[in-house]
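Grab a pencil and work through the exercises below with the model open beside you. Try each task before you read its solution.

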Amino acid sequence: MSEKRCPHCGKWTTWTQNLEDTCQHCHKSLGGRYLVEQKERIRKDQEKKREWIFKINQKDHPIVSFMKKAANLFYFVFFMIVSFIVWLIAALPG
Ligand SMILES: [Zn+2]
């Protein structure tokens, strides 16, 4: 248990080193800007992961959606192989 100056009201409040903790006085997040930035970073990472997957729309022609699904599967297998090779190189002695 330690104390931290609230970035919102400027009063000292107890916090458990947890960025999710809130101020005793104004009940706002003590993580403040840092917490917002961290959440934004996580969101962007998730978006990046989603980008390499083709989005399948309900309106797509069956052939188009099939092609997209096949491409997604190909990407998935490709990334699995690449990560396996990376793991293999890392696991090899020397
Ligand atoms: Zn406060």
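What follows is a set of short exercises, each with a worked solution.

**Before you start**

This is a predicted model, in which local features need pLDDT of at least 70 and side-chain atom pairs count only at pLDDT 80 or more, while totals for chains, interfaces and linings use all residues. Residues are numbered from 1 along each chain as its sequence is written.

**Exercise 1. Work out what the protein chain is built from and in what order.**

Step 1: count the elements, taking helices (H or I, at least four residues) and strands (E, at least two) as DSSP runs numbered from the N terminus. You should get 2 helices and 2 strands.

Step 2: read along the sequence, and the pattern comes out as β-β-α-α.

Step 3: check the confidence with pLDDT, the predictor's own score for each residue from 0 to 100. The chain has a mean of 83, with 93% of its residues at 70 or more. Among the elements, α2 has the highest mean pLDDT (90) and α1 the lowest (77). As a rule of reading, predicted coordinates should not be read in detail where pLDDT is low.

**Exercise 2. Decide whether the chain looks like a compact globule or not.**

Step 1: take the radius of gyration over C-alpha atoms and set it against the globule rule, 2.2 Å times the number of residues to the power 0.38. A compact globule of 94 residues would come out near 12 Å, but this chain has 23 Å.

Step 2: look at the extents, where the C-alpha trace spans about 60 × 50 × 15 Å along its principal axes.

Step 3: check burial, calling a residue buried if 20 or more other C-beta atoms (placed from the backbone) lie within 10 Å of its own, exposed if 12 or fewer, and partly exposed in between. Buried residues make up 4% of the 94.

Step 4: look at the domains, whose bounds come from an automatic or database domain assignment. Domain 1 covers 1-51 and domain 2 covers 54-94, and their C-alpha centres lie 36 Å apart.

**Exercise 3. Describe the hairpin and place E3 in it.**

Step 1: pair the strands, which takes at least two DSSP bridges between them. β1 (residues 2-5) and β2 (residues 12-15) run antiparallel over 4 bridges. S2, for one, has W15 of β2 as its bridge partner.

Step 2: inspect the turn, with its 6 residues between the strands, where G10 takes a positive phi near 80°.

Step 3: find E3, which sits in β1. Leaving aside neighbours within four places in sequence, E3 is in contact (C-beta atoms, placed from the backbone, within 7 Å) with W12, T13 and T14.

Step 4: classify E3: it is exposed because it has 8 other C-beta atoms within 10 Å.

**Exercise 4. Find out how exposed H27 and R43 are, and what is unusual about the backbone of H27.**

Step 1: H27 is in the loop between β2 and α1, and its phi is positive, about 60°, although H27 is not a glycine.

Step 2: H27 counts as exposed because 11 other C-beta atoms lie within 10 Å.

Step 3: R43 belongs to α1 (residues 32-51), and it is exposed because its count within 10 Å is 10.

**Exercise 5. Check the length and cover of α2.**

Step 1: the expected span is 1.5 Å times one less than the number of residues. For the 30 residues of α2 (62-91), 44 Å is expected, and the helix reaches 43 Å from first C-alpha to last.

Step 2: count its buried residues; the answer is 0, so α2 is hardly covered.

Technical notes: Contact = placed C-beta atoms within 7 Å.
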